[in-house]
Amino acid sequence: MTDRREHWDHTYTVKSDTAVSWYQDVPERSLALIRKAGKGSIIDIGGGASRLVDRLLAENYDDLTVLDISDVALGRSKERLGTEAGKIAWIIADIKQWKPERQWDVWHDRAVFHFLTDTAAQDAYIAALRAGTRPGSHAVISTFALSGPEKCSGLPVQRYSAETLAARLGQDFVLQIREAETHPTPFGTTQDFTYALFRRI
Ligand SMILES: C[S@@+](CC[C@H](N)C(=O)[O-])C[C@H]1O[C@@H](n2cnc3c(N)ncnc32)[C@H](O)[C@@H]1O
């Protein structure tokens with residue numbers, strides 16, 4: 001995982017976590033979709049330095065895991081959370097190579113799956129998604145929309161509508177809610193995102 005890991009470690013080393021294009025103070029749409037999925041265990045895939053986990057702790061979710069390829073990114077979150085960081089399971093892994101050892105009720109991913117632009121990498125992600133969930137689990141996944149940018153953090157992305165995302169995940173991930181969001185970046189630009197809530201059957 002070295003090339004991509006170096007990319008992300010470098011990004012989080014040279015930029016503050018509030019200066020990256022994907023920064024959100026409050027990840028409102030993710031939180032709303034996670035609440036719709038119901039209470040339970042949650043894994044944030046590619047959670048990086050996101051404040052999602054802070055908000056989930058504040059809402060008394062007590063089985064939280066954050067996975068990211070970059071230990072620098074996770075270090076930022078641990079530092080911000082202080083002693084609260086001990087309530088969270090942290091996993092440093094490349095999602096394409098990771099083999100989950102348990103299942104979660106909610107799988108959350110904002111802006112990670114879209115970096116996987118070849119079929120083999122997408123298949124590896126979906127294999128991890130299947131291994132890390134069970135029938136009845138939910139997945140909240142957001143990517144750049146069809147009208148969104150072609151790159152993120154200098155890397156090419158695959159853009160999706162909720163329908164094309166659903167088609168890629170497969171028939172046992174049933175699309176329940178689709179939402180569009182125009183994300184304001186810290187630089188005054190905007191990025192169109194697709195958000196989707198799936199239930200695994
Ligand atoms: C655009 S950022 C989004 C971060 C976070 N989800 C958020 O919304 O603030 C993408 C994140 O995915 C992580 N990432 C990229 N490729 C990954 C991979 N193959 N496996 C695990 N994490 C990855 C990066 O380190 C980074 O933290």
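1. Register of β5 and β9. In this predicted model, I141 stands opposite A196 of strand β9. The two strands concerned, β5 (residues 138–144) and β9 (residues 190–200), are paired in the antiparallel sense, and seven bridges join them. A further pair in this register is H138, whose bridge partner in β9 is R199.

2. The helices on the sheet. Helix α5, which spans residues 119–131, packs on the sheet and touches β1 (42–45), β4 (106–110), β5, β8 and β9. The direction of α5 makes about 150° with that of β4. Helix α6 (residues 162–169) also packs on the sheet, where its contacts are with β5, β8 and β9. For α6 the angle is given relative to β9, and its value is about 45°.

3. Overall sheet. The sheet is open and consists of seven strands, in the order β3-β2-β1-β4-β5-β9-β8, with mixed pairing. Its edges are formed by β3 (88–92) and β8 (173–184), each of which pairs on one side only. From one strand to the next, the twist averages 15°.

4. The β8–β9 hairpin. Strands β8 and β9 run antiparallel and are joined by 11 bridges. They form a hairpin, with five residues between the two strands. In the turn, G188 has a positive phi of about 85°. On the β8 side, V174 has R199 as its bridge partner in β9; R199 is also the β9 partner of H138.

5. Burial of β9. How far is β9 enclosed by the rest of the structure? Eight of its 11 residues are buried, and β9 is therefore largely enclosed. In the strand order, β9 stands between β5 and β8.

6. Environment of S142. S142 belongs to strand β5. Is this residue buried or exposed? Its relative accessible area is 1%, so S142 is buried. Leaving aside residues up to four places away in sequence, S142 touches D109, R110, A111, F193, T194 and Y195. One of these contacts, A111, is also among the residues that lie nearest the centre of the largest cavity.

7. The internal cavity. A search of the whole structure finds one cavity of 30 Å³ or more. The space in the largest cavity amounts to about 540 Å³. Its lining comprises 33 residues, and those nearest the centre are Y12, G46, D68, A111 and V112. Which elements contribute at least two residues each to this lining? They are α1 (2–14), β1, β2 and β4. Helix α1 gives the most, with three residues. A colleague preparing the model may wish to inspect this region first by way of Y12, G46 and D68, which are among the residues nearest the cavity centre.8. The D54–R80 salt bridge. The structure holds 17 salt bridges. In one of them D54 is paired with R80, and the closest N and O atoms are 2.7 Å apart. Why does this pair tie together separate parts of the structure? D54 lies in helix α3 (residues 52–58) and R80 in helix α4 (residues 71–81), so the bridge connects parts that are 26 residues apart in sequence. D54 is partly exposed, at a relative accessible area of 21%. R80 is likewise partly exposed, at 27%.

9. The wider network. D54 and R80 do not stand alone: together with D17, R51 and R76 they are linked in a network of salt bridges.

10. The R102–D63 salt bridge. R102 forms a salt bridge with D63, with 3.0 Å between the closest N and O atoms. This pair links distant parts of the chain, 39 residues apart: R102 is in the loop between β3 and β4, and D63 is in the loop between α3 and β2 (64–68). R102 counts as partly exposed, with 30% relative accessibility. D63 also counts as partly exposed, with 27%.

11. The E84–K87 salt bridge. E84 and K87 form a salt bridge in which the closest N and O atoms are 2.9 Å apart. E84 has 30% relative accessibility and counts as partly exposed.

Methods: Residues are numbered from 1 along each chain as its sequence is written. This is a predicted model: local features need pLDDT of at least 70, side-chain atom pairs count only at pLDDT 80 or more; totals for chains, interfaces and linings use all residues. Side-chain values use heavy atoms; hydrogens and water are left out. Two strands pair if DSSP finds at least two bridges between them. Helices (H or I, at least four residues) and strands (E, at least two) are DSSP runs, numbered from the N terminus. Axes are lines fitted to C-alpha atoms, for helices over the stretch in contact, and angles run from 0 to 180 degrees between N-to-C directions. Contact means heavy atoms within 4.5 Å. A salt bridge is a side-chain nitrogen of Lys or Arg within 4 Å of a carboxyl oxygen of Asp or Glu. Buried means under 20% relative accessible area, exposed over 50%, partly exposed in between (1.4 Å probe, protein chains only). On a 1 Å grid over the protein atoms alone, a cavity is a set of points where a 1.4 Å probe fits but cannot get out, and a pocket is an open set with protein on both sides within 12 Å along at least five of seven lines; lining residues have an atom within 4 Å of a point. Grid points are joined across faces, edges and corners, and a volume is the space filled by probe spheres set on the points.
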